[in-house]
Amino acid sequence: MSKGIKDKTVIISGASRGIGRAVAIELAKSGANISFSFLQSDHNAKELENELKELGVRVGSFKVDIKDFEAVKSWVADTQSLL
């Protein structure tokens with residue numbers, strides 16, 4: 001999984017807990033920059049953001065309802081400009 005992913009940016013929805021969180025951590029361990037969305041838990045999102053930054057990658061966390069197309073477009077655009 002780690003071949004070719006170093007310094008790439010990965011977008012993950014719902015990463016503040018569960019499977020999304022585990023995927024974000026594993027990809028960050030492989031050197032990928034992470035942009036993740038969350039909807040409810042600001043605390044969990046901040047915790048994950050800090051954990052990923054400690055792994056030495058760039059991180060963006062965004063409160064996004066992925067059912068909202070315009071919000072998702074903004075998330076992707078913000079990710080492109082930040083990461």
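Buried means under 20% relative accessible area, exposed means over 50%, and partly exposed lies in between, with a 1.4 Å probe and protein chains only. By that scale lysine 46, at 45% relative accessibility, counts as partly exposed.

Some housekeeping. The model is predicted, so local features need pLDDT of at least 70 and side-chain atom pairs count only at pLDDT 80 or more, while totals for chains, interfaces and linings use all residues. Residues are numbered from 1 along each chain as its sequence is written, and side-chain values use heavy atoms, with hydrogens and water left out.

I start with the overall layout. The chain has 3 helices and 3 strands, where helices (H or I, at least four residues) and strands (E, at least two) are DSSP runs numbered from the N terminus. Read from the N terminus, the order is β-α-β-α-β-α. The radius of gyration is 12 Å, close to the 12 Å that the globule rule gives for 83 residues, so the chain is as compact as a globular protein of that length. That radius is taken over C-alpha atoms, and the rule is 2.2 Å times the number of residues to the power 0.38. Along the principal axes, the C-alpha atoms fill a box of roughly 35 × 25 × 20 Å.

Of the 83 residues, 39% are buried. For contacts, the criterion is heavy atoms within 4.5 Å. Taking contacts between residues at least 6 apart in sequence, 60% join residues at least 24 apart.

Now the interior. A nonpolar core here is a set of buried Ala, Val, Leu, Ile, Met, Phe, Trp, Tyr and Cys residues joined through side-chain atoms within 4.5 Å. The largest one has 17 residues, and Ile12, Ile34, Phe36 and Leu52 touch the most other members. At least two residues each come from β1 (9-12), α1 (18-29), β2 (33-38) and α2 (42-54). The largest share, 4 residues, is supplied by α1.

What does isoleucine 34 touch, not counting residues up to four places away in sequence? The list is Val10, Ile12, Ala24, Leu27, Ala28, Leu52, Arg58, Val59, Gly60 and Leu83.

Serine 37 also sits in strand β2. Is serine 37 buried or exposed? Its relative accessible area is 2%, so serine 37 is buried. Beyond the neighbours within four places in sequence, serine 37 is in contact with Ile12, Ser13, Gly14, Ala15, Ser16, Phe62, Val64, Ile66 and Trp75.

Next, helix α2. Asparagine 44 belongs to this helix and is partly exposed, with a relative accessible area of 22%. Its C-alpha atom is 5.5 Å from that of serine 16, with the two positions 28 residues apart along the chain. Leaving aside neighbours within four places, asparagine 44 is in contact with Ser16, Arg17 and Arg21.

Lysine 46, with which I opened, is in α2 as well. The C-alpha atoms of lysine 46 and serine 74 are 28 residues apart along the chain and separated by 20 Å.

Glutamate 51 is another residue of α2, partly exposed at a relative accessible area of 30%. Outside the range of four places in sequence, glutamate 51 touches Arg21 and Ile25. Glutamate 51 and isoleucine 25 lie 26 residues apart in sequence and 8.1 Å apart in space, C-alpha to C-alpha.

Leucine 55 is in the loop between α2 and β3 (59-63). Its relative accessible area is 37%, which means leucine 55 is partly exposed. Not counting residues up to four places away, leucine 55 touches Ile25, Ala28 and Lys29. From leucine 55 to lysine 29 the C-alpha distance is 6.4 Å, for a sequence separation of 26 residues.

One backbone remark. Aspartate 7, in the segment before β1, has a phi near 70 degrees, a positive value in a residue other than glycine. Aspartate 7 is exposed, at a relative accessible area of 54%.

Last, the pocket. On a 1 Å grid over the protein atoms alone, a pocket is an open set of points where a 1.4 Å probe fits, with protein on both sides within 12 Å along at least five of seven lines; lining residues have an atom within 4 Å of a point. The largest pocket holds about 200 Å³ of space, where volume is the space filled by probe spheres set on points joined across faces, edges and corners. Its lining has 14 residues, with Gly14, Arg17, Phe38, Leu39 and Gln40 nearest the centre. By class there are 5 nonpolar, 6 polar and 3 charged residues (nonpolar: Ala, Val, Leu, Ile, Met, Phe, Trp, Tyr, Cys and Pro; charged: Asp, Glu, Lys and Arg; polar: the others, Gly among them).
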